[in-house]
Amino acid sequence: MTHWIRRRRKCGFSRYGHNVRVARVLLGVTGGIAAYKACELTRLLVRTGHEVTPILTPDAERFVTAHTFEALARREMPRELYPHLVEADLLLIAPLSANTLAKLAQGLADNVLTQSALAFDGPVLAAPAMNPRMWSHPATQENVETLRRRGVELIGPDQGDTAEGDVGVGRMTEPDEIFERGVSLLEMRDQLRGRRVLVTAGGTREPLDAVRFLGNRSSGRMGAALAAEARRRGAEVTLVSANLSVPTPVGVDVVDAPTAEDVARETLARRDADVVLMAAAVADYRPAERAEGKRPKGGEPWTVTLEPTTDVLRELGAGRTNGAVLVGFAADVGERGLERAREKLATKQVDLIVFNDVSREDIGFDAADNEVVLVSADGEQRLEKASKERIAVAILDAVAHRLGS
Ligand code: CTP
């Protein structure tokens, strides 16, 4: 294979002009019409100085030839699992077919790509591409959740026309966008190493009796995405979890905290963290009394007195001594809500408030997407509607900037 390997360059340059350490990228290509776009991805990676090892599945070789990739990558495609494959810095799979996605979720190892994926414990970025009906099928969506929970980052698929003439979500994200995300993952992998990041997520439930509670609709998806992103950047992450309805990311220390009191206790006990991201929807009030057992039905109205809970974020802000970065979230309505988020920045003494408008059904509470405004003393940044995973990237960028990382 040596005739393909050219002299290695010591570093390359991303399109932002940053110096990037040369990385060893395993580029998995699966069967699908988007396979030809992986050629452009290879070219972009090689041009920026990275070592690319292409691994085509047998199905991919029906669409593109290994020879094309070998020429672009200037190295041979491995036909069996070599130990050095698992020492790569990044496994990038583009396109990722529904079939290989399912195999990865199940841990199957029936070709060199799936074997490498199983043997590899570094960061994985994958760009699914398939028919929109296949993408939206519950089987695929469950596999997607499994991979996300294990820390695999999925980019796309995007909305658009597919090869079969269907329109919908299933089209592979464009190679330049995949390339940029891959490079930034490589740049970021040590960004928060040695830092302790505390994330609260989900919605608290305040018991009325043994079976009933006062709660809210928060799924915890935003907080889980933040925890996964902080972990990806090398941080030591603790997730204070209030009734999450999404899986918790792998590699993160999870502490269950179902009530506001639990969140307060577990969070304040870890207030020496370098970063605290208060994404949980913590109840402002709880029933002053909890009925014994299950309260039986009666003819009289049931009057419940609610008492205020501890405002955890305010306590963290007021008692801050270690220069930690504090991030609060404000779920509120419209321009007046944004105005209130600006006020919370000062009253809760935090560095950043992430505002989202809860009057909209398509974002925020219990939705896959979010559209937020990052409010800080330095100014405001409006982020376009995007998946919570992408919003988490932007929030962690802002946090890292404040830490000087
Ligand atoms: N928060 C908290 N402890 C509480 C309530 C909220 O730490 N008891 C945190 C949330 O996790 C969030 C931020 O405070 O990061 C803002 O929460 P929000 O409910 O929007 O604001 P409140 O301060 O509760 O004010 P209001 O409900 O009047 O908007």
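**Note on backbone geometry, helix packing and a surface patch**

1. P157 is placed in the loop that runs between strand 7 (153–154) and strand 8 (158–161). The peptide bond leading into this proline, from G156, is cis, and its omega is near 5°. The model is a predicted one, which applies to every point below.

2. A cis peptide bond also joins A94 and P95, with omega at about -5°. Here the proline sits in a strand: P95 belongs to strand 5, residues 90–96. Most peptide bonds are trans. Both sites can be inspected directly in the structure above.

3. R74 is not a glycine, yet its phi is positive, at about 55°. Most residues other than glycine have a negative phi. As for its location, R74 falls in the loop between helix 2 and strand 5.

4. How do helix 1 and helix 2 pack, and at what angle? Helix 1 covers residues 37–47 and helix 2 covers residues 66–73; their axes are 9 Å apart and the angle is about 15°. Angles under 35 degrees count as roughly parallel, and helix 1 and helix 2 are therefore described as roughly parallel to each other. Their crossing is right-handed.

5. The contact between these two helices involves A38, C39, T42, R43 and V46 on the helix 1 side. On the helix 2 side, the residues that meet them are T68, F69, L72 and A73.

6. A second helix pair is formed by helix 3 (residues 98–106) and helix 6 (residues 138–149), whose axes come within 9 Å and cross at roughly 50°. Helix 3 and helix 6 are therefore oblique to each other. The crossing of helix 3 and helix 6 is left-handed, whereas that of helix 1 and helix 2 is right-handed.

7. Which residues of helix 3 and helix 6 meet? Helix 3 contributes L101, A102, L104, A105 and Q106. Helix 6 contributes T140, N143, V144, T146 and L147.

8. On the surface, L214, Y285, W302, V304 and L306 make a nonpolar patch of about 440 Å². One of these residues, Y285, lies in strand 16, which spans residues 285–287.

9. Points to check against the structure are the cis bonds at G156 to P157 and at A94 to P95, together with the positive phi of R74. For the helices, the items are the roughly parallel pair of helix 1 and helix 2 and the oblique pair of helix 3 and helix 6.

Technical notes. Residues are numbered from 1 along each chain as its sequence is written. This is a predicted model: local features need pLDDT of at least 70, side-chain atom pairs count only at pLDDT 80 or more; totals for chains, interfaces and linings use all residues. Side-chain values use heavy atoms; hydrogens and water are left out. Patches are made of residues with over 30% relative accessible area and no salt bridge: like charges are joined within 9 Å, nonpolar side chains (Val, Leu, Ile, Met, Phe, Trp, Tyr) within 5 Å. Accessible areas come from the Shrake-Rupley method with a 1.4 Å probe; for residues, only the protein chains shown count as cover. A salt bridge is a side-chain nitrogen of Lys or Arg within 4 Å of a carboxyl oxygen of Asp or Glu. Helices (H or I, at least four residues) and strands (E, at least two) are DSSP runs, numbered from the N terminus. Axes are lines fitted to C-alpha atoms, for helices over the stretch in contact, and angles run from 0 to 180 degrees between N-to-C directions. Angles under 35 degrees count as roughly parallel, over 145 as roughly antiparallel, 65 to 115 as roughly perpendicular and the rest as oblique. A crossing is left-handed if the near helix is turned anticlockwise from the far one by less than a right angle, and right-handed if clockwise. Contact means heavy atoms within 4.5 Å.
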